[in-house]
Amino acid sequence: MTALTEFERLESDGLWRESLEAQRRDVVLSFGEATLVLADKAGRPLTHWSLPAIARLNPGQRPALFSPDPDGGEQIEVEDDLMIDAIEKVRKTIARRRAHPGRLRLWIGLGIAAGVAAVAVLWLPGAAREQVLRTVPSSTRDAIDTRLTAQIEALTGRACTSPRGTRALGRLNLRVGGSDPIRVVPGELAAPLALPGGAVLLDRAMVALPEDPAAPAGHILTARMQAQAHDPLRGLLERAGPGALFELIGSGTLSDDTLAQEAATLISQTLPLPDVETVIEGFRTADVPVSAWARDVDVTGETVLPYLEADPFSPGQNAPLIGDGDWLALQSICEG
């Protein structure tokens, strides 16, 4: 829930100045999880102000000026009376709570990030985690991918590369509509891995053993489907606990220890296969036959029978995903 339930859908325009030297820009204000959210006109969050840190710079005057900084360097100008009254009501509520010994003690002297982190650790870990997942930049997710991949490689061996094999892997990735990195590691993975930033990891057996490139293509597709259904970053934060959430909010990154523990979990983790309808629609859209992938998941066909029966393509109906030369190069990518 938001700071005050009665204001959870309240929004208004404002003029935001990031610093005394910066130009003012139009923003949209709304209440978040223990924060005042400032977003651009497209709805992209620009910053979060911790509600306990907000001060009124010109009491009794309109338009109102608010700031999260003691020196008033960062400011927001608000003309909307309802929003002004809402912010003031929240500030008064917080002030009353401060009168109780120990209440909100962790917020004293903390900046925006630490204030939100305190809420995450002490009050609303689930809600704070969802807020982070909605607003974490893609660049942060990509950086986590890079460092998490390095931790996985410490357990499986470095990702395989060869000039022709790497080129073939890129072509297969493009063929199934992907743009995020695909890597093949030599050591065994329990299942294909989709990482928080969109990268996908396969193991050597997933490309070397199948007879059809549709099998690794299917592993890429299903890994991405699983990531869409269950955000890998959410799983990481749930397993790592509030300390990792605090770490990500406060520093924008995660420690090597946190990522090493996650790597050890991921290489032995299997997720439920996406439901049949989701798989069939995804494979149909990508123009990839289901059967080669399903047989690679279970050579007996017993556990994947619903997928095999629902395959929208008959054998030989699809054009080859990549050429024979590329497929042979991909199969031998880990041979150097």
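1. The largest nonpolar core of this predicted model has 60 residues. The members with the most contacts inside this core are Ile152, Leu195, Leu237, Phe283, Val288 and Leu330. Helix 7, which runs over residues 214–229, supplies six residues, the largest share of the core. Two domains feed into it: domain 2 (107–135) and domain 3 (137–332) each give at least three residues.

2. If you would like one residue to look at inside that core, try Val288, which is among those with the most contacts there. Setting aside neighbours within four places in sequence, Val288 is in contact with Arg175, Val176, Ala214, Ala217, Leu221, Phe283, Phe313, Asn318 and Leu321. Phe283 is on that list, and it too is named among the core residues with the most contacts.

3. There is another core, lying apart from the one above, with 20 residues. Leu51, Phe66, Ile84 and Ile94 are among them. Keep Phe66 in mind, please: it returns in the sheet, where it stands opposite Ile76 of strand 7.

4. Now to the sheet. Seven strands make up an open sheet with antiparallel pairing, and their order is 4-3-2-1-7-6-5. Strand 4 (45–50) and strand 5 (55–56) stand at the edges; each has a single partner strand, so one side of each has no neighbour in the sheet. As a reminder, strands of a sheet pair through backbone hydrogen bonds.

5. Strand 7 deserves a paragraph of its own. On one flank, strand 7 (residues 75–78) pairs with strand 6 (residues 64–67) in the antiparallel sense, over three bridges. Within that pairing, Ala64 has Val78 as its bridge partner, and Phe66 faces Ile76. Strand 1 (residues 11–17) also pairs with strand 7, again antiparallel and over three bridges; here Arg17 stands opposite Gln75.

6. Are the faces of strand 7 covered or open? Both are covered: Gln75 and Glu77 on one side, and Ile76 and Val78 on the other, are all buried. I would note for your own inspection that Gln75 is the residue that stands opposite Arg17.

7. The structure holds one disulfide, and it joins Cys160 to Cys334 with an S to S distance of 2.0 Å. The torsion about this S-S bond is about 95°, so the disulfide is right-handed. Cys160 sits in the loop between helix 4 (138–156) and helix 5 (163–175), while Cys334 belongs to the segment after helix 14 (324–331), so the pair ties together parts that are 174 residues apart in sequence.

8. How buried or exposed are the two cysteines, Cys160 and Cys334? Cys160 has 11% relative accessibility and therefore counts as buried. Cys334, at 23%, counts as partly exposed, because the cut-off for buried is under 20%.

9. A smaller point concerns Thr278, which lies in helix 11 (residues 276–286). Its relative accessibility is 35%, so Thr278 counts as partly exposed. Thr278 and Met225 are 53 residues apart in sequence, yet their C-alpha atoms are 7.9 Å apart in space.

10. Finally, the overall numbers. The protein has 14 helices and 10 strands. Of its 336 residues, 48% are buried. Among contacts with a separation of 6 or more, 59% come from residues 24 or more positions apart. The accessible surface comes to about 16,800 Å², with 51% of it belonging to carbon and sulfur atoms.

Note on methods:
Residues numbered from 1 in each chain as written. Predicted model: local features only at pLDDT ≥ 70, side-chain atom pairs only at ≥ 80, totals over all residues. Heavy atoms only, no water. Pairing = 2+ DSSP bridges. Helix = DSSP H or I, 4+ residues; strand = E, 2+ residues; numbered from the N terminus. Buried < 20%, exposed > 50% of the residue type's maximum accessible area, 1.4 Å probe, protein only. Core = buried A, V, L, I, M, F, W, Y, C linked by side-chain atoms within 4.5 Å. Domains from an automatic or database assignment. Contact = heavy atoms within 4.5 Å. Disulfide = S-S within 2.5 Å. Areas by Shrake-Rupley, 256 points an atom, 1.4 Å probe, with all protein chains shown as cover.
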